[in-house]
Amino acid sequence: MGRFEGKVALVSGGARGMGESHVRALAAEGARVVIGDVLDHEGEALAAELGDAAVFVRLDVTDPDSWSAALTRAEEAFGPVTVLVNNAGIVVFGAVDAVSVEDFDRTVAVNLRGVFLGIHAVAPGMKAAGGGTIVNISSTAGLMGYAGIAPYVASKWAVRGLTKASALDLGPTIRVNSIHPGPIATPMTAGLDTSMVETQRIPRFGRPEEVTAAVLFLAGDESSFMTGAELAVDGGAVLGSIAPVT
């Protein structure tokens with residue numbers, strides 16, 4: 001307990017799913033947490049439950065002004081943000097020749113532009129505060145291809161590259177790392193066929209708290225010699241299939 005005492009964290013997409021898990025764990029470890037999301041009801045309820053440890057702010061990650069407002073609220077409530085978890089993301093299903101241009105643009109706007117804007121917004125304050133950590137939630141789709149979600153794959157590969165470039169630009173004052181979850185049991189994956197995990201070495205959906213453990217590690221002092229790294233939390237999905245060759 002208390003690993004994040006004195007730290008102020010902002011979690012985008014923090015109202016439910018993996019983001020909610022990250023928020024709860026950071027608060028339990030002593031951080032003051034800003035929950036950024038467009039899900040007002042869920043975010044306000046979570047902040048009310050956590051009491052003095054958290055505040056909710058409506059955050060559209062695609063909008064620079066929304067990021068500025070979120071940071072202003074964070075500083076008013078707790079002080080400068082020293083931990084950023086870029087967690088917000090969306091997925092649209094459809095083959096590359098069937099998905100609409102609008103859906104492609106919307107996916108990239110949330111999943112990639114949102115990460116860039118978050119980094120761009122918090123970096124000056126982190127530098128002024130003496131340092132900070134940024135954890136970008138990518139995906140196994142940032143390490144391998146998947147059929148039927150081309151915009152998502154493209155955006156998550158780009159987050160991987162943005163993480164490495166940002167680590168070079170901002171280090172050593174600010175460390176930037178990425179996490180690459182496999183299929184995780186959240187509202188976003190609720191409709192997926194469970195057979196998709198049967199060829200993983202660990203053949204099940206992951207739990208949000210299993211990703212959160214990696215977030216706490218990369219955001220905390222235990223990973224002080226890591227930047228620009230990519231950490232897969234995926235049940236071995238990126239290892240390849242265990243199905244026999246025929």
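Me: Helices (H or I, at least four residues) and strands (E, at least two) are DSSP runs, numbered from the N terminus; which strands does α6 lie across?

Reply: This is a predicted model, in which local features need pLDDT of at least 70 and side-chain atom pairs count only at pLDDT 80 or more, while totals for chains, interfaces and linings use all residues. Residues are numbered from 1 along each chain as its sequence is written, and side-chain values use heavy atoms, leaving out hydrogens and water. The direction of α6 makes about 165° with that of β6 (174–181), on axes fitted to C-alpha atoms, for helices over the stretch in contact, with angles from 0 to 180 degrees between N-to-C directions. Judged by contact (heavy atoms within 4.5 Å), the strands that α6 lies across are β4, β5, β6 and β7.

Me: Which are the edge strands of the sheet?

Reply: The sheet is open, has 7 strands with parallel pairing (at least two DSSP bridges), and follows the order β3-β2-β1-β4-β5-β6-β7. Two of these strands pair on one side only, and they are β3 and β7 (230–233).

Me: Which residue in β2 stands opposite V8?

Reply: β1 and β2 run parallel and are joined by 5 bridges. Across from V8, the residue in β2 is R32.

Me: Which element gives the largest share of the largest nonpolar core?

Reply: This core, of buried (under 20% relative accessible area) nonpolar residues joined through side-chain atoms within 4.5 Å, has 29 residues, with L26 and I179 making the most contacts inside it. Elements giving two or more residues include α1 (17–28), β1 (8–12) and α6 (208–219). The largest share, 6 residues, comes from α6.

Technical notes:
Buried < 20%, exposed > 50% of the residue type's maximum accessible area, 1.4 Å probe, protein only.
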